[in-house]
Amino acid sequence: MSSFIASNLDFILLGSGIFAGLVVCIFIAVGFVRSRKKKHDDRQTFPIQSAAGAALTGAEPNAAVSSEAIPSAASPTERESKESKVEASLRSALGPTQKNFLGRIKALFVEGSQSSHLDEIEEILYTSDLGPQTVQRLMQSLEEQLSRTEKKNYALVVETLKREMLDIFSSSLSSSAVQADASIPAGAELSGEIRFVENGPTVFMVVGVNGAGKTTSIGKIAAQMAAQGRKVLVAAGDTFRAAAGQQLKTWTERAQVEIFSPEGVMDPSAVAYDAVAKAKARGYDVVIIDTAGRLHTQVNLMDELKKVKRVVTKVIPNAPHEILVVLDANSGQNALIQAREFNQALGLTGVILTKMDGTAKGGVAVGITYELKLPIKLVGIGEKIGDLKPFSSAEFVASIFD
């Protein structure tokens, strides 16, 4: 036996080597198969993760996350060109308001009706968040301008209300123009109801309660102005909430504008003063001052806003050139109350009315304009940057009545 092994040792060693090689190949093949299976499994689980992300961002499953869902520092100009295809319109945003207002009036004038329905119309006006003074004026126009027979005519009633609303907006613009003459130096530029001074930075002070969309509105304004070629500085004057500063920083990075947020400075007035002084010295076109969200009933915080306004005036006379209150249209009559209190404290120059696309209470725009003689300067009708638009009273009234 030993002689057989000795004589065939070379063949035995060769066979053993081949066997060992086959075992190694088998192990390599098994490992390769397992690796490919793991990658396949990973690809199968990705759509589930994407769907979960879509639930947070509002995107469709398996779709790329929109730059609107997560703010990025992409070029505002490039973003605007992409968004222009999907921007909302005021008419579509006011669809619920039209249904709540005009739809209910139209339902009163059924075929064969011989009633003027003035009592029902008055109730509809009151429940459309127009405000009591505005309702009285509109009802007075129906009483005085229409005969008894004409009051039973749906088309004439609607036309009278439409004409009166347009007159309310027109009167408010005239009133705001007079105020502008008193507070803005000669040579000021008027651009879509937003005033820009000819020399030095134009200073915006933006106020409002928490949750109205103040910081988001500032971000959109900054992005739009930067896209127009203006040099913008945003002052992080909301020093009470750390989250507010971070949110504002995200928006300024996205808009590619500079934020002024000095470390360790907790006095909003100091932030505002230094920001305006920096903008004046370094040739900025626009300064937008964010302020802490507060209830209009908080007297000490309202006094803080007055102080911010005073210190800014020390740097640039007549500044702030625009003092804008951000109001949530969903608030209805509470938005009117907020505007009244902020106006008494600061002397507002206009209103930014947000979230118009999610409410049937758009009629509050008429009440604010008539009762406070404040122009609606910008309206938010969607989530896109371009969905914060200059307010057009003619388009607003046409969207409700036509």
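Which residues form one aromatic cluster with Phe169? The partners are Phe391 and Phe396. Keep in mind as you look around that this is a predicted model.

Let's take the cluster piece by piece. The structure holds 6 aromatic pairs. In one of them, the rings of Phe169 and Phe391 have centres 5.5 Å apart and planes at 50°, so the pair counts as tilted. Phe169 belongs to helix H8, which covers residues 154-183, while Phe391 is in the loop between strand E10 (388-390) and helix H15 (393-401), so this pair ties together parts that are 222 residues apart in sequence. Both Phe169 and Phe391 are buried.

Phe169 has a second partner in Phe396: here the ring centres are 5.6 Å apart and the planes stand at 75°, so the pair is edge-to-face. With Phe169 in helix H8 and Phe396 in helix H15, the pair ties together parts that are 227 residues apart in sequence. How buried is each of these two? Phe169 has a relative accessible area of 3%, and Phe396 has a relative accessibility of 0%; because buried means under 20%, both qualify.

From Phe396 we can step into the largest nonpolar core. This core has 100 residues, and Phe101 and Phe396 are the ones that touch the most other members. If you centre your view on Phe101, you will find it touching Ile124, Leu125, Ser128, Leu130, Met165, Ile400 and Phe401, leaving aside residues up to four places away in sequence.

Now for rings that meet a charge. The charged end of Lys231 sits over the ring of Tyr284, at 4.4 Å from the ring's centre. Likewise, Lys373 places its charged end over the ring of Tyr370, 4.6 Å from the centre.

Finally, let's follow the backbone. Most residues other than glycine have a negative phi, and most peptide bonds are trans. Against that background, a few places are worth a visit. Asp129 has a positive phi, near 65°, and it lies in the loop between helix H6 (118-126) and helix H7 (132-145). Its relative accessible area is 12%, so Asp129 is buried.

Another stop is the loop between helix H12 (299-315) and strand E7 (322-328), where Pro320 lies. The peptide bond leading from Ala319 to Pro320 is cis, with omega near 0°. Asn318 is found in the loop between H12 and E7 as well, and has a positive phi of about 75° although it is not a glycine. With a relative accessible area of 38%, Asn318 is partly exposed.

Conventions:
Residues numbered from 1 in each chain as written. Predicted model: local features only at pLDDT ≥ 70, side-chain atom pairs only at ≥ 80, totals over all residues. Heavy atoms only, no water. Core = buried A, V, L, I, M, F, W, Y, C linked by side-chain atoms within 4.5 Å. Buried < 20%, exposed > 50% of the residue type's maximum accessible area, 1.4 Å probe, protein only. Contact = heavy atoms within 4.5 Å. Phe/Tyr/Trp six-rings, centres within 6.5 Å; stacked < 30°, edge-to-face > 60°. Helix = DSSP H or I, 4+ residues; strand = E, 2+ residues; numbered from the N terminus. Lys NZ or Arg CZ within 6 Å of the ring centre and 35° of its normal.
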